[in-house]
Structures are given as C-alpha cells and as structure tokens.
Amino acid sequence: MKATPRVVERARKIQAAAPGYKTQAACAAAITRIQRLWRADGSYGCMMDAVRDAIQECQTRWVELQGQQWDAANAT
C-alpha cells in the first residue's frame, strides 16, 4: 500500500523539526503524531520510508537529549 502525499509531507515536516526539539516529551509526542497519521492513512501493513525516517529522527533526538541529561547529572 502506498502512502498518501499528505502523510509523506507531514512526516517529512516532523522529521525536519526533530533536531530542534528541546525535550524528550516533544520527541515522544512527535512519534505519536507520526504513528497516528500513518494509521489514519490505512497503511498498517507497510511502513513508508518517510514515516520510518521521521520516527528514527525523533528517536535519535530523544537519545541525544537523554545523553545531555545524563551528562548534566554526572558533571563534576
């Protein structure tokens, strides 16, 4: 099943915004938005590249923020 252009466009916008997220909660909310778009599109059986890439970008940012928190908590 092919993704609709609307879902692809939204996923790409979210992916582009991910590096600017300041909190892990923002990253998690973005992943939830992407997943809802994907489900609403009826593409359950196929993870489109744009959706997968956007989720990965948000997850990467989440891990970066986790590392920053760890570094701040363990700074001497």
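1. Buried here means under 20% relative accessible area. By that cut-off Cys58 counts as buried, because its relative accessible area is 0%. Keep in mind throughout that this is a predicted model.

2. Cys27 is the other cysteine to look at. Its relative accessible area is also 0%, so Cys27 is buried too. Do the two pair up? Let's put it properly: how far is the sulfur of Cys27 from the closest cysteine sulfur? That closest sulfur belongs to Cys58 and lies 6.0 Å away, which is too far for a bond. Looking from the other end, the closest cysteine sulfur to that of Cys58 is the one in Cys27, again at 6.0 Å and too far for a bond. A disulfide would need the two sulfur atoms within 2.5 Å. The count for the structure is accordingly 0 disulfides.

3. On confidence, the chain has an average pLDDT of 85, and 88% of its residues score at least 70. Helix H3 (residues 49-73) comes out highest, at 90, while helix H1 (residues 5-17) is lowest, with a mean of 87. A general caution for any part with a poor score: where pLDDT is low, the predicted coordinates should not be read in detail.

4. Now H1 itself. Its length checks out: 13 residues at 1.5 Å a residue should span 18 Å, and the end C-alpha atoms are indeed 18 Å apart. Which residues of H1 are buried? They are Val7, Val8, Ala11 and Ile14. Viewed down the helix axis, these buried residues fall within an arc of 130 degrees, so they line one face of H1. The general background is that an α-helix has 3.6 residues a turn, so residues three or four places apart point the same way.

5. What does that face of H1 pack against? Its buried residues pack against H2 and H3. On the other side of H1 you'll find Pro5, Arg6, Arg12, Lys13 and Ala16, which are exposed.

6. One more residue deserves a look: Gln24, which sits in helix H2 (residues 24-40). Is Gln24 buried or exposed? Gln24 is buried, because its relative accessible area is 15%, against the 20% cut-off. Its side chain has a polar partner, making a polar contact with the side chain of Gln66 at 2.8 Å. Setting aside neighbours within four places in sequence, Gln24 is in contact with Trp62, Leu65, Gln66 and Gln69. So Gln66 appears on both counts, as a contact of Gln24 and as its polar partner.

Note on methods. Residues numbered from 1 in each chain as written. Predicted model: local features only at pLDDT ≥ 70, side-chain atom pairs only at ≥ 80, totals over all residues. Heavy atoms only, no water. pLDDT = per-residue confidence, 0-100. Helix = DSSP H or I, 4+ residues; strand = E, 2+ residues; numbered from the N terminus. Buried < 20%, exposed > 50% of the residue type's maximum accessible area, 1.4 Å probe, protein only. Polar contact = N/O pair within 3.5 Å; in protein donor to acceptor, adjacent residues only side chain to side chain. Contact = heavy atoms within 4.5 Å. Expected span 1.5 Å × (residues − 1). Arc of directions from axis to C-beta.
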